[in-house]
Amino acid sequence: MSAREALLRVDNLRVEFHTADGIVHAVDGVSYEVGPGSTLGIVGESGSGKSVSALTMLGLTRGKRTKVSGRILFEGRDLLTLPDDELRQIRGDDIAMIFQDPLSSLHPFYKVGYQLMEAVLMHRAVSKAAARDRAIDLLELVGIPDPHRRVDAYPHEFSGGMRQRAMIAMALANEPKLLIADEPTTALDVTVQAQILALLEGLQQRLGMAIIIITHDLGVVAEIADEIGVMYAGRIVERATTDRIFSSPQHPYTWGLLKSIPRLDTPRTEDLVPISGRPPSLINRPSGCHFHPRCPYVLDSHKRVDPKLQEVPGEYGHLVACQLSAEVRKQVWQGLQAGQTPVELRALVDKKPAPAEVVATVPPATEIGP
Amino acid sequence: MTDKGKPLVEVRNLVKHFPITSGVILQKKIGAVKAVDDVTFDVLAGETLGIVGETGCGKSTTARLIVRLLEATSGEVRFEGEDITKKKGPELKALRRDMQMIFQDPYSSLNPRKTIGSIIAEPFKIHGLEKSEGARKKRVQDLMDMVGLNPEHYNRYPHEFSGGQRQRIGVARALALGPKLLVADEPVSALDVSIQAQVLNLLRKLQADLGLTVIFIAHDLSVVRHMCDRVAVMYIGKIVELAPGESLYGFPRHPYTGALLSAVPVPDPVGGHRKRELLTGDVPSPANPPPGCRFHTRCPKAQHLCSEQEPPLTDKSGGTLAACHFPLTREEADSRLPAILSTAEAPA
């Protein structure tokens, strides 16, 4: 993606929630860019901070007990420092969001058409009649049959897929430049999911908007995203083009995600390779690399040193936060692809960097320093 | 243990209609949701039978009818050759020892006020087994060990465990009485991706070790393929295709199965779908299903006959049963399968 003409640039974003139990480090130094018309997929488990980073963009996490730092530049303007009323003008106009649960995101009391009209009237100086026409057009655009009649229906009269379409219609009301889709298909059946993804892709081509899609489903991002960021414990641990993430992933967590889901073409005799343990608490995070308690390839130094997101040598734009050497990573992934287990592959880590380990243990003080 | 390969459960013309009523005091029946409508299949001893379908297709209702959590409107469920739909009292209670269930939501299916030791021991108490405290505790700890929980956590409460661990507690409870049949209703769909694999591997291992027969219900077709020997596809209360896993995923015959496989997102940008075949519209209401073949309103191959005559579930080839007048051809199936499954690329 061309970083220079980025539509959105998130720069070292940090979001902390101060709770009675302690400080929740929900987002911890996340950076990415989204170019006009491109699609970024953010993948991670529950509690990895993927939704919070998106909500923060729209000012939806603002509050007394929230501390936000970093920058979110949208067309050069920093959304984090924008006053509420200016942000409100961008929200729903240039940047729109669709949420996971379409039933709780629509007001049950008002007709779908009215809720769509509201989105238009909020940002455009048009008559109610014109807004209503726009609402009908929008319903037609997202493929709701018989929009002239459906515009007067209530949300409960819509099926799950239709509600999600209505949500998308509402998000598109003002032709946003950026659409944030937070688990847009998780509550839907596969056939409806496929319809919604196809709809999003079609609309993106027609309207040229950029999309950030947040999901835990690697299948969904494989289909729709140009670039993928993998989040773990509030950080992006790997970022690359979609093809690279699937063809030569670099982070042990990404390997874990790819190997723990059954695919339609994995031999049935092969066992899945689960990631051991569970996602960490964001209040008391593990030392060093946050993934180390679950990582099968952990070395002693990984427990102390926090890895930086760095470019994979020779792979422009492929960033990873892992302290294994590129050579070892390549061999481990090849081994995993060939059906070897992490336990068998552990030897590669122990053997290969042995000389490097000696070097590393000689000056331990300097290593902890930075 | 029953002989492998013989039917353990035989479901015959099973029907479940939920009445729709109107009126407050004098309730009148004005219709019925035909949740399960004339379903017939066998579950063979030692196999895993998958049931897939979209929300509201009747897959969970079918499972609940088999374990008698719901009463059938009509039809038979035979367990080891005996019809169980009419069983009552002590007979029914004895039957419960042989069939157990794992539920979808590990958060609401465990009593938060009980320790997990007493949750897993509950089946022993109900059936009056292992009366001495010490023996019971020993059995429970063995079970905990078997499902990969630390037996020392006997006195902890459900909230102290993660979703994956809670699902293991549910599995331990279900296995306490040594059932012959285990019904798993969406056992992993509430779990995080990295945790799903732990539970799926556990279920596969336990089945191999204990020779269990499993009915596995899920909406995720990749998970079902991984877990199941045979798969039944349901659509609005009917089985539309029933086939061994390899056949179903290699050569789907019912256009609905084809559409489902065409819709599965493939975590592989290269091996994904060349062309998606999208279904249009929504699933019709099971209260008022379309006449003839229920899929004809959304089927790309539908012809006049389909709206008039309901196709029976018949053998189409290679052990695949499908209820379709015009089953998919090899080419049509290939065009629907994602590239990683399709045989079209293979040298002719």
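Student: How do you know that domain 1 of chain A and domain 2 of chain A are in contact?

Tutor: This is a predicted model, and the test is that C-beta atoms, placed from the backbone, lie within 7 Å. By that test, 12 residues of domain 1 of chain A are in contact with 12 residues of domain 2 of chain A. Helix 8 (residues 190–207) of chain A brings 5 residues to the domain 1 side, its largest share.

Student: What makes up that side of domain 1 of chain A, by class?

Tutor: Where domain 1 of chain A touches domain 2 of chain A, there are 9 nonpolar, 2 polar and 1 charged residues.

Student: On to the other chain. What makes helix 1 of chain B "mostly covered"?

Tutor: A residue counts as buried if 20 or more other C-beta atoms lie within 10 Å of its own. In helix 1 (residues 59–66) of chain B, 7 of the 8 residues are buried, so "mostly covered" fits. Lys59(B) and Leu65(B) are among them. After the helix comes Arg68(B), with a positive phi near 60 degrees.

Student: Why are strand 6 and strand 11 of chain B called edge strands?

Tutor: Pairing takes at least two DSSP bridges between two strands. The open sheet of chain B has 8 strands in the order 6-7-8-3-9-10-12-11. Strand 6 (99–102) and strand 11 (314–317) of chain B each pair on one side only, and that makes them the edges. From one strand to the next, the twist averages 20 degrees.

Student: How do you know that strand 9 and strand 10 of chain B pair?

Tutor: Count the bridges: at least two are needed, and 6 join strand 9 (residues 230–235) of chain B to strand 10 (residues 238–244) of chain B. Those two strands run antiparallel. One partnership to look at is Val231(B) with Ala243(B).

Student: What angle does helix 5 of chain B make with strand 6 of chain B?

Tutor: About 175 degrees. The scale runs from 0 to 180 degrees between N-to-C directions, so helix 5 (residues 163–175) of chain B runs almost opposite to strand 6 of chain B. Helix 5 of chain B lies across strand 6 and strand 7 (181–185) of chain B.

Student: How many residues does each chain put into the contact between chain A and chain B?

Tutor: Chain A gives 39 residues and chain B gives 37. On the chain A side, helix 8 of chain A gives the most, with 6 residues. By class, that side has 18 nonpolar, 11 polar and 10 charged residues.

Technical notes. Residues numbered from 1 in each chain as written. Chains lettered and ligands numbered in written order. Predicted model: local features only at pLDDT ≥ 70, side-chain atom pairs only at ≥ 80, totals over all residues. Contact = placed C-beta atoms within 7 Å. Helix = DSSP H or I, 4+ residues; strand = E, 2+ residues; numbered from the N terminus. Nonpolar A, V, L, I, M, F, W, Y, C, P; charged D, E, K, R; others polar. Buried ≥ 20, exposed ≤ 12 C-beta atoms within 10 Å, placed from the backbone.
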